[in-house]
Amino acid sequence: MRNTLKLKTFDVNNDIEDIKTAAKILRNGGIVAIPTETVYGLAADAFSGEAVKKIFEAKGRPQDNPLIVHISDFSQIYSIAREVPESAKKLADKFWPGPLTIILPKRPEVPDETSGGLDTVAVRMPSHKIANKIIELSCPLAAPSANISGFPSPTSFEHVEADMTGRADAICDGGDCDVGVESTVITLATKVPMLLRPGGVTLEQLKSVLGEVDVAQAVLNPMGKDEKAESPGMKYKHYSPDAQIQIVRGNLTEFIEYVNKSDCDGVLCFEGEENNFPDKKVVTFGTENDSLSQAQRLFDALRELDEKGAKNVFSRSPSTQGVGLAVCNRLYRAAAFRFVDGVKRPIVGLTGPTGAGKGYVSQYLESLGCYICDTDKIARELTEENSPFLGILAKNFGEDIVNDGVLDRKLLASRAFASKEKQELLNSLMHPEIIAIANERCRHALYNGAVASVIDAPLLFEAEGDKVCDTVISVVAPKEIRLERIMKRDSITEEQALSRMNVQHEDSFYTEKSDFTVVNDGKTDIKESLSDFVNKYLR
Ligand code: TXA
Ligand code: MG
């Protein structure tokens, strides 16, 4: 147990004595919790292995998880990093001081305790005035978030007090943190810069400066057991409250329905939604369309759930755009990647013979807010250069149909259409793959707010795509009209168009298996033909 000094550090001028005290403790090898614009940090002299060791003890942190070195002046970077590439300077120019951490090759003077034994080191210049002043009056500071390892990072003095009293030499009260989630971490030690942890500086912003930026797989996905972590921090359990959280995919209406028929005792929702859950312990984290407010609130909300004693919590699913990526990165981990599907909006199959004018119908549906998934496009993607699917085709139709990653379409066609069996083989390979991809894209679009997802597939029934659909619309048209459309669309003769039409099914093949039919003869109003569908599924 340490005797923990409490310091007041709200204002650089008024509170200068307490700030000096903090700096002095740090110069003497002590550990101090300091406010930053992201989260509170637990700081020590970055160049003193002895001092840094105390941080790991106080947090109960695994020794191989490296720390971030905080600086207050750009020139200090040269005492920490062995190389400072142009890209680092550009990033610093644009985003420092601020919530961005850059990983660079390390100088030997930085002790292994700070870098977790790695040859690289993380550097950040915070924008918080108090943090800056403390660094200025002491030295570059190694500082992880000031929570006990495995708990949500502290975003208020109350959180720091709860976690670090008796563990740190001093804790500084600087009020609530602005950003609320830890800094963005990017490594420049790889060929292409890679985002390791999303934060207040967004992926979009990083790309605007660097062009290409990869995103580490672990940002929105759980780490596989045998996977190597790009950043050691990714492999540890993180941000885990006592409550078991499950994230419900779906909009507010779907969420309310899902939650209220479940036996959960807690709800994590957006501000203004609280009153929909009369019998639950409700905690909010920001507003639905403001990722910044969600980031600011998230960690406090997680602690609040535990304070209220919630055990089984359903959470709203935030957007992954902008700072939303950082919110989702933390929330998904807090929920141990448990998701449930509350979406009630439909996946709609759209099919019909060639020339019937499915295109008009899909355009209309798109104008109503539907996501349109074009299966012809997926088929093209599957056979594009270097598509992994080419390997499957090659295995079944001969290795010589793929050369340097490029499919010889003519050769494949000559083999696939040689017999009925071969043609069926091709379909049995392509169809399930296409439908699986379509289904995944459709669900994804629904999670992101589409009013419905439409699988536009001429061969919907043949590929058994109707099985993943909630309802099916077929589009048919009189033969003369189809003939005219096909000739015009594909610039072919009447004979060619007829031969194409003749291998197709009769209209009844489609209409008998569909829930809705549009007769697109150029006279009927599509809107009117679809009004029953719209009333049933899009209201
Ligand atoms: O906003 C923040 O970054 C806060 C405040 C206090 O500045 N600090 C913070 O530190 O979040 P910490 O230790 O909780 O997170 C540092 C992350 C860890 O995930 C760690 O694995 C990663 O950065 N990291 C540090 N050095 C690294 C390196 N050389 N290579 C890869 N990842 C590194
Ligand atoms: Mg941390």
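The legends below describe close-up views of a predicted model.

Local features are given where pLDDT is at least 70 and side-chain atom pairs where pLDDT is 80 or more, while totals for chains, interfaces and linings use all residues. Residues are numbered from 1 along each chain as its sequence is written, chains are lettered from A and ligands numbered from 1 in the order in which they are written, and side-chain values use heavy atoms, with hydrogens and water left out.

**View 1. The protein as a whole.** The C-alpha trace spans about 90 × 60 × 35 Å along its principal axes, and the secondary structure comprises 20 helices and 23 strands (DSSP runs, H or I of at least four residues for helices and E of at least two for strands, numbered from the N terminus). Of the 539 residues, 53% are buried (under 20% relative accessible area, 1.4 Å probe, protein chains only). Among contacts (heavy atoms within 4.5 Å) with a separation of 6 or more, 68% join residues 24 or more positions apart.

**View 2. The largest nonpolar core and the surroundings of L206.** This core (buried Ala, Val, Leu, Ile, Met, Phe, Trp, Tyr and Cys residues joined through side-chain atoms within 4.5 Å) has 56 residues, and those with the most contacts inside it are L42, L91, W96, L100 and L206. Helix α2, residues 49-59, supplies the largest share of the core, five residues. Leaving aside neighbours within four places in sequence, L206 touches L91, F95, L100, T184, I186, L195, V201, G211 and V213. A second, separate core has 32 residues, including A379, L382, L407 and V472.

**View 3. Helix α2 and its packing partners.** The buried residues of α2 are G49, A51, V52, I55, F56, A58 and K59. These residues pack against the strands β3 (41-45) and β7 (141-142) as well as the helices α4 (112-115) and α6 (157-164). Just after the helix, G60 adopts a positive phi of about 70°.

**View 4. Two buried cysteines without a disulfide partner.** Zero disulfides (pairs of cysteine sulfur atoms within 2.5 Å) are found in a search of the whole structure. C328 is buried at 0% relative accessibility, and its sulfur cannot form such a bond because the closest cysteine sulfur, in C269, is 16 Å away, which is too far. C370 is likewise buried, with a relative accessible area of 6%, and the closest cysteine sulfur to that of C370 belongs to C442, at 10 Å, again too far for a bond.

Definitions and conventions:
Buried < 20%, exposed > 50% of the residue type's maximum accessible area, 1.4 Å probe, protein only.
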